[in-house]
Amino acid sequence: MVYKTKVAWDAIYDVIVIGFGGAGAGAARFAADNDAKVLLIDAAPEGSEGGNTRYAGGAFAWGADFDELKEYYKQTYYPFKYDEEALDTFIKNVMQMKEYSKKYFGIDAQPTGRRPKGEYPEYKDAVSMQSQSMTKGMYNGGFWKLLRKQVFDRLDKIDVWFESPAEHLIQDPETNSVIGVVINRNNRKVNVAAKRGVVLSLGGFENNQDMVQDFLGQGSLAPIGTLYNQGKGIDLAIEAGARLWHMSNYDSHGLSLRQNKEREKFAYMINWKSLFNGSIFVAGDDGTRYFREDEEDRHGYKYNHGNWVMIPNQNHPHIVMDQAQYDQLAHDQSAKADQIKELISYAIKADSIEELSSKIDAPYLKQAVEDFNFLIDIKKRDMFLNRRIETMRSFKEGPYYAIPVRHNILHTHGGAQRNSECEVVGLDGKVIPNLYEAGELGDIFATKYLGANSIADLLISGKIAGTNVAKTKNNVNLPDAVTGASHASEDLKSDAHQNKTHFEVGRNQGIGSSDHGINDLPIVVRVTLDENQNLKKIETLQEKESGDLGGQAIPKLTKEMLDRNSSDVDSVSGASTTSRAFKEAVEQAIANARKNK
């Protein structure tokens, strides 16, 4: 924390929003709509902003009955405490989400049909919460692009700085009001004033291994969303004197393929029903089973003696199977067939269980296989973990296989405690003046995350925080404010600009574009054909796809298309949305080039 009685301001804004994810986009949009000049900053480079919203399905929670919704939420909190006023505010807004969609996006939201009986159908009134969506399809970036467009439609009121992480908050030493932010801009620290306030919307800490260990008590979790949630929001909140809450809560999608990469493959593997059906189970570090493999995933929470808990993760678990199961998966015909076949290609092979046990360092694997067979052949019931016996088959002849997997993490929920107005609460229980919070950083969920609620929360909290922070404050004192500082040096100009639409073409060249990538910025390519109308060159003129996925897919697709002289190539695994959009742009460019002989 920086306490200043004198500050040389490099720039002055009404509002600073830290974090250009879904909640930050919403906060910036509503602050701008309430006549505030806004600076929206993000640590990620352009094309990688968006936080976990970029990777989300895009469905939001909705319900029609307040009492039933509250009863359902209260059961998911049990036995944790909750802020009743904050929860009531959230529920009232959840009930208005369809109207929100129509009013602020001009879209009639439609039911997704997912989990019609609720994520926890065992609870009373579980059916009261249903999911709605403003976009067609899921996990294709469509929802993120809706929110990003709202920012880019307001560039007269919103400046955007990419690759500009917040270093510290600046507080007035007399009032404790947050009056600005120290920002690392082009490798120099600049002091930027916020006349009305600051919104923290930096997301969680799932990519900070120290925080994962300290707050979650887990040794190894694979992030499956953004790679830029490093926990800086926690540091800023602590510096400001905030009270933290919900630090142990996070959600997951079970297991991913373990390749020791920043983002592992197959985030939703545990939901593949055709995978865990036969002579196959998940072995923990010592080789023994530790959870029911066929249980429906509830964002990582598993049934545990009448409750659902996040199980302690293993450090090097494996999916273990015999030859019969391997052959079954190799010939799988389900919707996940291609992914299953790729998954088993990573299997470690051994002629005996003993050899496999040694290869994967799982000393009790032989006993675990014998116990598995005993449950099937003798007891006819999985008395240990209650897996459905019809999904289990005894291990027979080898060879035997083990696929290395890793527990993953979708996002964390801990952060500064916030009240129903999205104001940050200090250690003394009082509001820290002019400091707000939105999104998954410090959201209201203490435990048992329910699907579609983070999207609802980012829409709700983004609106509340953005609206409230834009209100004129009477207690803000900007010492030594430099008049017109927001129009100062060139490197403090906004990085955001309108999309370029015109590109030059020559003979045998054509331009193609697609709006269906993961980013709101269209993918634009220029194709050059040779005299025989074969592909000679593919140039990507414009794209801001995610650098770690889509951005890496485009060069691979380009090379393969040129090698095959065709745009009809397979999508790059993990970047299917970008792949489809890039192919669409190339196909359009080829057609245009053939008209331009």
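**Exercise 1. Place Lys 74 and state its exposure.**

Step 1: Lys 74 sits in helix 2 (residues 66–77). Helices here are DSSP runs of H or I with at least four residues, strands are runs of E with at least two, and both are numbered from the N terminus.
Step 2: The relative accessible area of Lys 74 is 34%, so Lys 74 is partly exposed. The cut-offs are under 20% for buried, over 50% for exposed, and partly exposed in between (1.4 Å probe, protein chains only).
Step 3: Glu 84 is 10 residues apart from Lys 74 along the chain, and their C-alpha atoms are separated by 9.6 Å.

The model is predicted: local features need pLDDT of at least 70, side-chain atom pairs count only at pLDDT 80 or more, and totals for chains, interfaces and linings use all residues. Residues are numbered from 1 along each chain as its sequence is written, and side-chain values use heavy atoms, with hydrogens and water left out.

**Exercise 2. Describe the overall build of the chain.**

Step 1: Count the elements: the chain has 14 helices and 27 strands.
Step 2: Its radius of gyration is 26 Å, close to the 25 Å from the globule rule for 597 residues, so the chain is as compact as a globular protein of that length. The radius is taken over C-alpha atoms; the rule is 2.2 Å times the number of residues to the power 0.38.
Step 3: The C-alpha trace spans about 80 × 75 × 45 Å along its principal axes.
Step 4: Of the 597 residues, 58% are buried.
Step 5: Take contacts (heavy atoms within 4.5 Å). Among those between residues at least 6 apart in sequence, 72% join residues at least 24 apart.

**Exercise 3. Find the hubs of the largest nonpolar core.**

Step 1: Such a core is a set of buried Ala, Val, Leu, Ile, Met, Phe, Trp, Tyr and Cys residues joined through side-chain atoms within 4.5 Å.
Step 2: The largest has 107 residues; Ile 18, Tyr 73, Leu 169, Val 198 and Leu 459 touch the most other members.
Step 3: Helix 12 (residues 453–469) gives the most to this core, with eight residues.

**Exercise 4. Decide how far helix 5 is covered, and by what.**

Step 1: Nine of the 11 residues of helix 5 (residues 142–152) are buried, so the helix is mostly covered.
Step 2: The buried residues include Phe 143, Trp 144 and Lys 145.
Step 3: Among the elements covering them are helix 1 (22–33), strand 3 (38–41) and helix 12.

**Exercise 5. Locate Phe 384 and give its exposure.**

Step 1: Phe 384 lies in the loop between helix 11 (365–379) and strand 20 (400–409).
Step 2: With a relative accessible area of 53%, Phe 384 is exposed.
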